[in-house]
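Dear colleague,

Please find below the structure that I am handing over to you. My notes on it come directly after it.

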Amino acid sequence: MDPLMDLALLVQHGENREAVLCAEKLLADSYSVEQVVDAVAKGVAILRNKCTVENFQLLDVLLACRAMTEVVDECVAIQLKHQLDASAGEHERAAGPPPWKTIVIGTIQGDVHDLGKHVMATLCRFNNLKVVNLGKDVPVENFVVAARKENADFVGVSSLMSVCLPKIKLIKPALAAQGLEHVKVIGGGSAVQQSTKEALRLDYLAYDAFDGLDYLCKIT
Ligand code: B12
């Protein structure tokens, strides 16, 4: 069987330690971080039928979420750190390169899904951005307050819940009202992907976390 499919199945079944070992092996065998993240995300996403209002099998879903989080924290983050260290010069290896931009990131109010946001935050952290992670269920005002306090370049907002999308539309105008119209707002998550950047007043609507990171890196 395709080893990436093996990994997705381990995550789907909540086999956290086996998933970590499998992901470590894949990365050592030169599979990319993107392929590994894609596989673990599929392993969680396949549980959608166990996560409806009528049928909510919380334990199964949470075990899969734990497996995905452990793969991201124990394999993906370490691999990204190795890559960052390898690309840094001698001086930077000792002191650590200064972060080149700041992103304030969170899941919009009313929504507690945070795995995708965690992937995005991890990618940003190891690509030398300063990440201010506001967590989940974040009111619009908190994004604005944090963007001002941190002198942020970007706000990243995630949503997987369609009912929460109207709140996302309010972020850009709320930033502008505080003189922060230069802050770019980037959205991601399956609910966001079903809308448009114009409807949500986003500067960029990311297809996935890697696409989001590409956008941030392009507009230096
Ligand atoms: C796991 C899960 C949960 C977990 C979440 C745990 C956690 N810590 O996140 C728990 C069990 C808590 C949960 C709860 C609920 N859930 Co749920 N859940 C899911 C499930 C199965 C997987 C989501 C997931 O994590 N995928 C993996 C991640 C990695 O993918 P991702 O978030 O899309 O992220 C990727 C990209 O989108 C992107 N990305 C994400 N965010 C961002 C942000 C930025 C800035 C960028 C650039 C990129 C980016 O990067 C990631 C990697 O590339 C989905 C089904 C599905 N197929 O999506 C339902 C789903 C999202 N849930 C759903 C529902 C209905 C609920 C509940 C209401 C169920 C209930 N009975 O109460 C509650 C919601 C409570 C609330 N108020 O939020 C619905 C939402 C329907 C809708 N469109 O509104 C879905 C779609 C399932 C379905 N029935 O169709 N859920």
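The notes below begin with the metal site and the ligand, and then turn to the aromatic pair, the backbone and some distances.

Please keep in mind throughout that this is a predicted model.

The metal site

The ligand carries a cobalt atom, and the protein supplies two donors to it, the SG atom of Cys51 and the NE2 atom of His113. These donors lie 2.3 to 2.7 Å from the cobalt atom. The site has six donor atoms, with angles of 81 to 175 degrees among them, and its geometry is octahedral. For six octahedral donors, the ideal angles at a metal are 90 or 180 degrees.

Where in the chain do Cys51 and His113 lie? Cys51 belongs to the loop between helix H3 (33–45) and helix H4 (58–87), while His113 belongs to the loop between strand S1 (101–107) and helix H6 (115–125). The two residues are 62 residues apart, and the pair thus links distant parts of the chain. Cys51 has a relative accessible area of 35%, so this residue counts as partly exposed. His113 is also partly exposed, because its relative accessibility is 30%, and the limits of that class are 20% and 50%.

The surroundings of the ligand

There are 36 residues around the ligand, and those that come nearest are Cys51, Val112, His113, Asp114 and Ser158. By character, the shell divides into 19 nonpolar, twelve polar and five charged residues.

Three polar contacts of the ligand may be of use to you:

- A polar backbone atom of Cys51 lies 3.0 Å from a nitrogen atom of the ligand.
- An N or O atom in the side chain of Ser162 lies 2.9 Å from a nitrogen atom of the ligand.
- A polar backbone atom of Ala209 lies 3.1 Å from an oxygen atom of the ligand.

Several elements give two or more residues to this shell, namely H3, H4, H6, strand S3 (154–158), strand S4 (184–188), helix H10 (190–193) and H11. Cys51 therefore appears in two roles, as a donor to the cobalt atom through SG and as a partner of a ligand nitrogen through its backbone, while being partly exposed at 35%.

The aromatic pair

The count of aromatic pairs comes to one. This pair is formed by Tyr204 and Tyr215, with 4.3 Å from centre to centre and 5 degrees between the planes, and it is stacked. Tyr204 lies in strand S5 (residues 204–205) and Tyr215 in helix H11 (residues 209–218). They are eleven residues apart, and the pair links distant parts of the chain.

Are the two tyrosines buried or partly exposed? Tyr204 has a relative accessibility of 23% and so counts as partly exposed. Tyr215 is buried, because its relative accessible area is 12%, which is under the 20% limit.

Backbone angles

Two residues other than glycine deserve a note for a positive phi. Phi of Asn128 is near 70 degrees, and this residue sits in the loop between H6 and strand S2 (129–133). With a relative accessible area of 17%, Asn128 is buried. Arg201 has a phi of about 55 degrees and is found in the loop between H10 and S5. Its relative accessibility is 43%, so Arg201 counts as partly exposed.

Distances across the chain

In helix H6, I looked at His118 and Val119. His118 is partly exposed, with a relative accessible area of 23%, whereas Val119 is buried at 7%. The C-alpha atoms of His118 and Ala209 are 9.5 Å apart in space, with their positions 91 residues apart in sequence. The C-alpha atoms of Val119 and Cys51 are separated by 21 Å, and these residues are 68 residues apart along the chain.

In helix H1 (residues 3–12), Gln12 is partly exposed at 23% relative accessibility. From C-alpha to C-alpha, Gln12 and Val40 are 8.2 Å apart, and in sequence they are 28 residues apart. Met5 lies in helix H1 as well and is partly exposed, with a relative accessible area of 43%. The C-alpha atoms of Met5 and Leu21 are separated by 14 Å, the two residues being 16 residues apart along the chain.

Yours sincerely

Note on methods. Residues numbered from 1 in each chain as written. Predicted model: local features only at pLDDT ≥ 70, side-chain atom pairs only at ≥ 80, totals over all residues. Heavy atoms only, no water. Donors = N, O, S within 2.8 Å, 3.2 Å for Na, K, Ca; no water. Tetrahedral: all angles 85-135°; square planar, octahedral: opposite > 155°, others 65-115°. Helix = DSSP H or I, 4+ residues; strand = E, 2+ residues; numbered from the N terminus. Buried < 20%, exposed > 50% of the residue type's maximum accessible area, 1.4 Å probe, protein only. Phe/Tyr/Trp six-rings, centres within 6.5 Å; stacked < 30°, edge-to-face > 60°. Near = heavy atom within 4 Å. Polar contact = N/O pair within 3.5 Å; in protein donor to acceptor, adjacent residues only side chain to side chain. Nonpolar A, V, L, I, M, F, W, Y, C, P; charged D, E, K, R; others polar.
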